[in-house]
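Grab a coffee and open the model next to these exercises. Try each task yourself before you read its solution.

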Amino acid sequence: MNLAQFFVRHGGEILQATLEHIWLVGLTMFLAIVVGVPLGILVTRRPWLSKPILGSANVAETIPSLALFGFLLPIPWLGDRADRLAVVALTLYALLPIIRNTAAGIDGVDRAVREAARGMGMTELQILVQVELPLSLSTVIAGIRVATVLTIGVATIAAAVGAGGLGEFIFRGLAMVNDQLILAGAIPAAVLALGADFLLGMLERRLRPAR
Amino acid sequence: MSVEADTKPIIEFYNVSYRLPAGQALLNNLNFAVPRGETLVLIGRSGAGKTTTLKLINRLLEPTGGEVHIEGRSTISWDPIELRRRIGYVIQEAGLFPHFTVEQNVSLVPRLEHWSEKRIGSRVEELLALVGLEPRKFLSRYPHELSGGERQRVGVARALAADPQILLMDEPFGALDPLTRGEVRREFHDLEQRLEKAIVIVTHDISEALLLGTRIGLVEAGELRGIYSPREFVHATEPAAVAYVAQLRVLEEAERTSR
């Protein structure tokens with residue numbers, strides 16, 4: 001049986017796993033954006049928080065993913081459900097690029113523009129919403145793009161704690177020394193990653209402010 | 001000179017000092033007043049304290065000694081947002097919002113002040129015409145589609161949008177090439193005489209000071225060394241003033257010999 005036949009025969013399962021994977025990644029990215037963008041903004045407002053916040057996100061990033069899943073397992077509410085555990089661990093991974101890019105984007109806004117905004121009587125919130133965020137949007141999206149591609153890859157490891165997704169095939173394939181099974185997980189994951197990279201890259205370019 | 005209510009100073013500095021939190025003094029004991037219809041040009045070296053003086057007027061900074069009064073009230077008793085919306089502010093490179101069209105840039109303060117769309121529309125057209133830009137042609141352009149001189153004109157239109165009594169300009173024409181600078185400056189000179197506002201301009205360009213100023217304040221090392229009429233300034237004995245005027249003479253000389 002060649003690879004194409006394998007994919008056709010197991011199409012339903014592969015599709016099911018792919019949807020699980022997208023669900024894991026989507027939920028993770030939603031949480032990472034909801035937490036990461038405000039943290040990135042906070043870093044620009046309270047520079048003394050920059051070290052602790054970016055430092056913590058950095059540490060999370062350096063923990064090997066399998067180990068991170070393991071560390072979180074004994075935590076009461078988290079360890080109860082595999083997908084819950086996976087999403088939290090993946091979110092911790094996805095945070096760093098988002099926080100970093102949000103802060104960098106806002107810091108990169110032309111000083112003259114910010115100065116003019118303040119001088120004309122815009123409130124801090126108006127400056128943030130009407131000036132700083134729109135002008136840093138493409139940088140923020142670039143961070144989300146990096147985080148998404150990363151998460152799609154790392155999410156395959158979530159299968160190790162039973163969270164499902166395309167990693168299921170990979171781990172089973174490894175255990176059974178079955179290349180086709182491994183590829184049934186690896187190929188859709190790679191396609192997802194490339195697709196996300198392409199789409200978010202397009203969005204990033206469209207939102208880049210003209211100079 | 002008659003003392004009418006109208007000529008009462010809009011901007012007043014009483015013994016104003018400003019020092020950085022670390023203790024370094026940037027401004028020492030400034031005293032001056034600017035009434036309506038007057039343009040005070042602050043001239044001095046980079047770092048002399050000119051921009052700091054401007055920022056004390058719209059409360060981007062607060063004095064560490066003395067008081068700055070706007071329309072008779074100390075800046076620290078004003079709500080800073082309300083105060084700034086009553087003061088036009090033009091900075092070098094214009095500081096236009098790159099993601100806003102000309103129309104959006106100019107209408108910024110009226111929008112913040114919740115003017116009706118109809119009133120905003122007619123005001124924007126009026127302002128663009130005032131600074132010599134044809135509204136139909138420029139309304140929907142973005143700043144990167146404008147020349148330096150056009151950007152600066154939009155910056156002036158934006159500052160004038162809500163018809164402020166006070167206009168602050170920080171090296172407004174500094175980033176322009178010399179020819180455009182001369183052009184925009186002359187236009188502004190015509191404009192300023194029609195505006196009847198209290199204007200403070202910061203520059204280090206002596207010809208700008210002489211052309212635009214009804215009075216010229218010489219700022220050196222955080223102190224106001226004197227306030228002169230343009231005519232007085234040319235004949236002042238203060239060494240720094242003499243140095244500026246000498247620079248002007250050199251220019252005139254070069255102009256004459258190159259003809």
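A residue is called buried if 20 or more other C-beta atoms lie within 10 Å of its own, exposed if 12 or fewer do, and partly exposed in between, with the C-beta atoms placed from the backbone. By that count, 41% of the 211 residues of chain A are buried. This is a predicted model, so local features need pLDDT of at least 70 and side-chain atom pairs count only at pLDDT 80 or more, while totals for chains, interfaces and linings use all residues. Residues are numbered from 1 along each chain as its sequence is written, with chains lettered from A and ligands numbered from 1 in the order in which they are written.

**Exercise 1. Work out how chain A is built.**

Step 1: tally the elements. Helices (H or I, at least four residues) and strands (E, at least two) are DSSP runs numbered from the N terminus. Chain A has 10 helices and 0 strands.

Step 2: get the dimensions. Along the principal axes, the C-alpha atoms of chain A fill a box of roughly 70 × 40 × 20 Å.

Step 3: check the contacts. Two residues are in contact if their C-beta atoms, placed from the backbone, lie within 7 Å. In chain A, 73% of the contacts with a separation of 6 or more involve residues 24 or more positions apart.

**Exercise 2. Describe how α8(A) and α10(A) pack.**

Step 1: pick the descriptors. Two packed helices are described by the angle between their axes and the distance between the axes. Here axes are lines fitted to C-alpha atoms, for helices over the stretch in contact, and angles run from 0 to 180 degrees between N-to-C directions.

Step 2: read off the values. The axes of α8 (residues 124-154) and α10 (residues 179-207) of chain A come within 9 Å and cross at roughly 180°. That makes α8(A) roughly antiparallel to α10(A); the cut-offs are under 35 degrees for roughly parallel, over 145 for roughly antiparallel, 65 to 115 for roughly perpendicular, and oblique for the rest.

Step 3: find who touches. The α8(A) side includes A:Leu137, A:Ile141 and A:Arg145, and the α10(A) side includes A:Leu192, A:Ala196 and A:Glu204.

Step 4: sort by class. Ala, Val, Leu, Ile, Met, Phe, Trp, Tyr, Cys and Pro count as nonpolar, Asp, Glu, Lys and Arg as charged, and the others, Gly among them, as polar. The contact of α8(A) with α10(A) has 13 nonpolar, 4 polar and 3 charged residues.

**Exercise 3. Trace the sheet of chain B.**

Step 1: set the order. Two strands pair if DSSP finds at least two bridges between them. Four strands of chain B make an open, antiparallel sheet in the order β2-β1-β4-β5. Its edge strands are β2 (25-35) and β5, each pairing on one side only.

Step 2: follow the pairings. Strand β1 (residues 9-19) of chain B is joined to β4 (residues 65-70) of chain B by 5 bridges. B:Ser17 has B:Gly65 as its bridge partner, and B:Phe13 stands opposite B:Val68. Moving on, 2 bridges join β4(B) to β5 (residues 73-74) of chain B, with B:His69 partnered by B:Ser74.

Step 3: look at the turn. β4(B) and β5(B) form a hairpin with 2 residues between them, and B:Glu71 in the turn has a positive phi of about 50°.

**Exercise 4. Compare the settings of two leucines.**

Step 1: take A:Leu39, found in α2 (residues 11-45) of chain A. A:Leu39 is partly exposed because 19 other C-beta atoms lie within 10 Å. Outside four places in sequence, A:Leu39 touches A:Ile53 and A:Ile99.

Step 2: take B:Leu83, which sits in α2 (residues 80-85) of chain B. B:Leu83 is buried because 20 other C-beta atoms lie within 10 Å. Beyond its neighbours within four places, the contacts of B:Leu83 include B:Ile70 and B:Trp78.

**Exercise 5. Inspect where the chains meet, then the confidence.**

Step 1: count the contact. Chain A gives 16 residues and chain B gives 17. On the side of chain A, the largest share, 6 residues, comes from α7(A). By class, that side has 10 nonpolar, 3 polar and 3 charged residues.

Step 2: check the scores. The model has ipTM 0.84 and pTM 0.85. pLDDT is the predictor's confidence in each residue, from 0 to 100. Chain B averages a pLDDT of 88, with 97% of the residues scoring at least 70.
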